[in-house]
Amino acid sequence: MAAWRMMRRFALAGLAIAGSVGANAQTAPVMGYRVVARFPHLTQSYTEGFFYRDGFFYEGTGIEGRSSVLVIEPASGKIIKHVDLGPQYFGEGVVDWGD
């Protein structure tokens, strides 16, 4: 019986805390976006990582058994360099590690 009363007190305390948090909660801000440019891109590419450096897009793709890293000319979408990862690797992002 004492254990039940203790559980009931904890449950009531939890409800009181939850109620006070809800009363003071603020809504998350809603952000928008604006498209400032469009670039050609291969639609069959599963992009897993992407960055821009020195005038080129660098893209890592993640396709099981066929992952790769691409260097792309932004204006044309032309692939300047394509390096396949070994089939045992799955591309899961790409990072600018410097020169």
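A residue counts as buried under 20% relative accessible area, as exposed over 50%, and as partly exposed in between, with a 1.4 Å probe and protein chains only. By that scale Y46, the reference point for a later stop, is exposed, with a relative accessible area of 54%.

The structure on display is a predicted model, in which local features need pLDDT of at least 70 and side-chain atom pairs count only at pLDDT 80 or more, while totals for chains, interfaces and linings use all residues. Residues are numbered from 1 along each chain as its sequence is written, and side-chain values use heavy atoms, with hydrogens and water left out.

**Whole chain**

Begin with the entire protein in a cartoon view. One helix and four strands are present, and they follow the pattern α-β-β-β-β along the sequence. Helices (H or I, at least four residues) and strands (E, at least two) are DSSP runs, numbered from the N terminus.

Next, colour by pLDDT, the predictor's confidence in each residue, from 0 to 100. The average for the protein is 82, and 77% of the residues score at least 70. Among the elements, α1 has the lowest mean, 52, and strand β4 (residues 79-84) has the highest, 95. Where pLDDT is low, the predicted coordinates should not be read in detail.

Switch to a surface. The protein exposes about 8400 Å², of which carbon and sulfur atoms supply 60%; accessible areas come from the Shrake-Rupley method with a 1.4 Å probe, and for residues only the protein chains shown count as cover. Of the 99 residues, 16% count as buried.

**Y46 and T61**

Select Y46, in the loop between α1 (2-24) and β1 (47-53). Contact means heavy atoms within 4.5 Å. Not counting residues up to four places away in sequence, Y46 touches G60, T61, G62 and I63. Measuring in the viewer from Y46 to G60, C-alpha to C-alpha, should give 8.3 Å, for a pair 14 residues apart in sequence.

From there, select T61, which lies in strand β2 (residues 56-61). Is T61 buried or exposed? T61 is buried, with a relative accessible area of 4%. Neighbours within four places in sequence aside, its contacts are S45, Y46, E48, R66, S67, S68, L70 and G91.

**G91**

Follow the last of these contacts to G91, in the segment after β4. G91 counts as buried at 7% relative accessibility. Beyond four places in sequence, G91 touches E48, T61, G62, S67 and L85. The C-alpha atoms of G91 and R66 are 8.7 Å apart in space, and the two residues are 25 apart in sequence. For the protein as a whole, 31% of contacts between residues at least 6 apart in sequence join residues at least 24 apart.

**F56 and the aromatic rings**

Return to strand β2 and select F56. At 28% relative accessibility, F56 counts as partly exposed. Its contacts, leaving out residues up to four places away in sequence, are F51, V71, I72, E73, P74 and I80. The C-alpha atoms of F56 and V71 are separated by 6.5 Å, although the residues are 15 apart along the chain.

Now show the aromatic side chains. Rings of Phe, Tyr and Trp (its six-membered ring) pair if their centres lie within 6.5 Å; planes under 30 degrees apart count as stacked, over 60 as edge-to-face and the rest as tilted. The structure holds four aromatic pairs. In one of them, F50 and F57, the ring centres are 4.9 Å apart and the planes lie at 40°, so the pair is tilted. F50 is partly exposed at 44% relative accessibility, whereas F57 is buried at 12%. The rings of F51 and Y58 have centres 5.0 Å apart and planes at 5°, so that pair is stacked. F51 is buried at 16% relative accessibility. To view one aromatic cluster, select F39, F50, Y52 and F57 together.

**D54**

Select D54, in the loop between β1 and β2. D54 is not a glycine, yet has a positive phi of about 50°. D54 is exposed, with a relative accessible area of 62%.

**The cavity**

Finally, select H41, L42, E59, L70, I72, G77 and I79, which line the largest cavity. On a 1 Å grid over the protein atoms alone, a cavity is a set of points where a 1.4 Å probe fits but cannot get out, and lining residues have an atom within 4 Å of a point. Grid points are joined across faces, edges and corners, and a volume is the space filled by probe spheres set on the points. The volume of the largest cavity is about 30 Å³.

Conventions
On a 1 Å grid over the protein atoms alone, a cavity is a set of points where a 1.4 Å probe fits but cannot get out, and a pocket is an open set with protein on both sides within 12 Å along at least five of seven lines; lining residues have an atom within 4 Å of a point.
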